[in-house]
Amino acid sequence: MTRRLILTRHAKSAWDKPELSDPERPLNKRGKRSAEALGHWLRQKGYMPDQVLTSSARRTQETYKRMGFDIPPEVTDHLYLVTANQILRVLSQAKGETVLLLGHNPGIGQFAAEILGDPPEHPKFDDYPTGATLVADFDVDDWSRIAWRGGEAVDFIVPRDLIEA
């Protein structure tokens, strides 16, 4: 039995309201389009989550909402601006077979690099820009058994691959 991870960095956020704290920043227009395109791409490819874990920041929650899935997300502060190790701890408690996890850089990019045996051949993987989405499989029957370098990249995309800027 395998487990599948869909690892998404939040879409592009707005910086035009300096009075907002970092967790309160919403998506900008490009981010909204990107999140919708990512959701469409995931559905088109058959990458359907049965559990969603998202950071408590507005931009990650808004990214998920615009992706258009119907699963109620599990919102946690334990995915807001955290390290790769902290992301691993959160994921190791997941119960779904296909988990969509939404977070932030630098932790999410570091996590993506550390969790895979071999990175996907994509020029933007190392940068893990906003909206970057990795689909990876793990040969485990329970998320508590995942380990560094244990994942196999199935797919990777960034919003610019899907829509024009």
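1. Let's start with the aromatics. This is a predicted model, and the count of aromatic pairs in it comes to 7. Take Tyr128 and Phe156 as one case: their ring centres are 5.6 Å apart and the planes meet at 55°, so this pair is tilted. The two residues come from distant parts of the chain, 28 residues apart, with Tyr128 in the loop between α4 and β5 (133-138) and Phe156 in strand β6 (residues 151-157).

2. Are these two rings buried or exposed? Tyr128 has a relative accessible area of 0%, so Tyr128 is buried. Phe156 comes out at 7% relative accessibility, and because the cut-off for buried is under 20%, Phe156 counts as buried too.

3. Now for another pair, Phe138 and Trp143. Here the ring centres lie 5.7 Å apart with the planes at 65°, so the pair is edge-to-face. Phe138 is buried at 2% relative accessibility, and Trp143 is buried at 0%.

4. Which residues do ring pairs link into a cluster? They are Phe125, Tyr128 and Phe156, so have a look at Tyr128 again, the ring with 0% relative accessible area.

5. There's also a charge over a ring to check: the charged end of Arg43 sits over Phe69, 5.3 Å from the centre of that ring. Arg43 turns up again below, among the residues that Met67 touches.

6. Met67 belongs to helix α2 (residues 58-67) and is buried, with 0% relative accessible area. Leaving aside residues up to four places away in sequence, Met67 touches Thr8, Ala35, Leu38, Gly39, Leu42, Arg43, Leu100 and Leu102. As for Ala112, that residue is 45 residues from Met67 in sequence and 20 Å away in space, C-alpha to C-alpha.

7. On to helix packing. Two packed helices are described by the angle between their axes and the distance between the axes. For helix α3 (residues 84-91) and helix α4 (residues 107-115), the axes come within 8 Å and cross at roughly 75°. Angles of 65 to 115 degrees count as roughly perpendicular, so that is how α3 lies to α4.

8. Who makes that contact? On the α3 side you'll find Ala84, Ile87, Leu88 and Leu91, and on the α4 side Gly107, Ile108, Gln110, Phe111 and Ile115. Sorted by class, the contact of α3 with α4 has 7 nonpolar residues, 2 polar ones and no charged ones.

Conventions
Residues numbered from 1 in each chain as written. Predicted model: local features only at pLDDT ≥ 70, side-chain atom pairs only at ≥ 80, totals over all residues. Heavy atoms only, no water. Axes fitted to C-alpha atoms, helices over the stretch in contact; angles between N-to-C directions. Helix = DSSP H or I, 4+ residues; strand = E, 2+ residues; numbered from the N terminus. Parallel < 35°, antiparallel > 145°, perpendicular 65-115°, else oblique. Contact = heavy atoms within 4.5 Å. Nonpolar A, V, L, I, M, F, W, Y, C, P; charged D, E, K, R; others polar. Phe/Tyr/Trp six-rings, centres within 6.5 Å; stacked < 30°, edge-to-face > 60°. Buried < 20%, exposed > 50% of the residue type's maximum accessible area, 1.4 Å probe, protein only. Lys NZ or Arg CZ within 6 Å of the ring centre and 35° of its normal.
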